[in-house]
Amino acid sequence: GVLVDYYDTVDIVESAPHLVTAAGAVLGEDRLRRCGRRGRLGAVHELPLQQLDPHALCGAGGGSKALEGVTGGGCYDLAAVTWVLMFLTDADVLLLLLRLKCLLAPGAKLFVKENALEAEFAVNCENSSTNRSRAHYRALFGAAGYTVEAEDDMAHVPSQDNLHAMVAFLLSVEC
């Protein structure tokens, strides 16, 4: 919800139907207007990121847009990807990062929030996730043509037992 204060339109890509419904309730225009929020909820794409088609998303529009969930001739000023990369192999992370580059307008940013380990990586067979180290993430970002502009260890966010530390990256695209 914070993005609506900085962007005219926030589009969402989300595969879980209950989260799509929740986004509409939280980011609906009436609620945002009552709360004095600047932006509006744009398109909501109920699909997994693997099916994301950058060319279909940037067909029309203009103005300042943010894509929550995802530089070339793209239409988005910001894409935000949170707790997604951990469920992808390194090869799939690279493919997603390259796809997202097609969505980003010149000068746009990519925000990534994931869990991070001190060690190289760990695989969780219960939820099929891979937790990588910060260095591993940085290497993946670099391989996809991004530069890390900022990094936050998110120590201010309360942690629960058995959860790995969170890290947030703000990336720019190398042209």
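**Group meeting: around strand β5**

Hi everyone, let me start with one pair: A80 has F111 in β5 as its bridge partner. A quick word on what we are looking at: this is a predicted model, with local features needing pLDDT of at least 70, side-chain atom pairs counting only at pLDDT 80 or more, and totals for chains, interfaces and linings using all residues. Residues are numbered from 1 along each chain as its sequence is written, and side-chain values use heavy atoms, with hydrogens and water left out.

The protein has five helices and nine strands (DSSP runs numbered from the N terminus: H or I of at least four residues for helices, E of at least two for strands). Along the sequence they read β-α-α-β-α-β-β-α-β-β-β-α-β-β.

Now, back to β5 and its neighbours. Strands β4 and β5 run parallel and are joined by six bridges; for strands to pair, DSSP must find at least two bridges between them. From β4 the chain crosses through α4 to β5, and this β-α-β crossover is right-handed, meaning that with the strands pointing away from the viewer, the path from the first strand over the helix to the second runs clockwise. With β9, β5 runs antiparallel, through eight bridges, and K109 stands opposite S172 in β9. With β7 (residues 129–133) β5 is parallel again, through two bridges, and there L117 has S133 as its bridge partner.

So how enclosed is β5 by the rest of the structure? Largely, because ten of its 14 residues are buried (under 20% relative accessible area; exposed is over 50%, partly exposed in between, with a 1.4 Å probe and protein chains only).

Next, helix α4. Its buried residues are V93, L96, L97, L100, K101 and L103. They line one face of the helix, because seen down the axis they fall within an arc of 150°, taken from the directions from the helix axis to the C-beta atoms. The face turned away from that buried side carries A91 and L95, which are exposed.

Both elements feed the largest nonpolar core, which has 31 residues, with L85, L100, L110, F141 and Y146 making the most contacts inside it. Elements giving two or more residues to this core are β4, α4, β5, α5 and β9. By core I mean buried Ala, Val, Leu, Ile, Met, Phe, Trp, Tyr and Cys residues joined through side-chain atoms within 4.5 Å. Apart from that one lies another core of five residues, V10, I12, A23 and L27 among them.

That's my tour, thanks!
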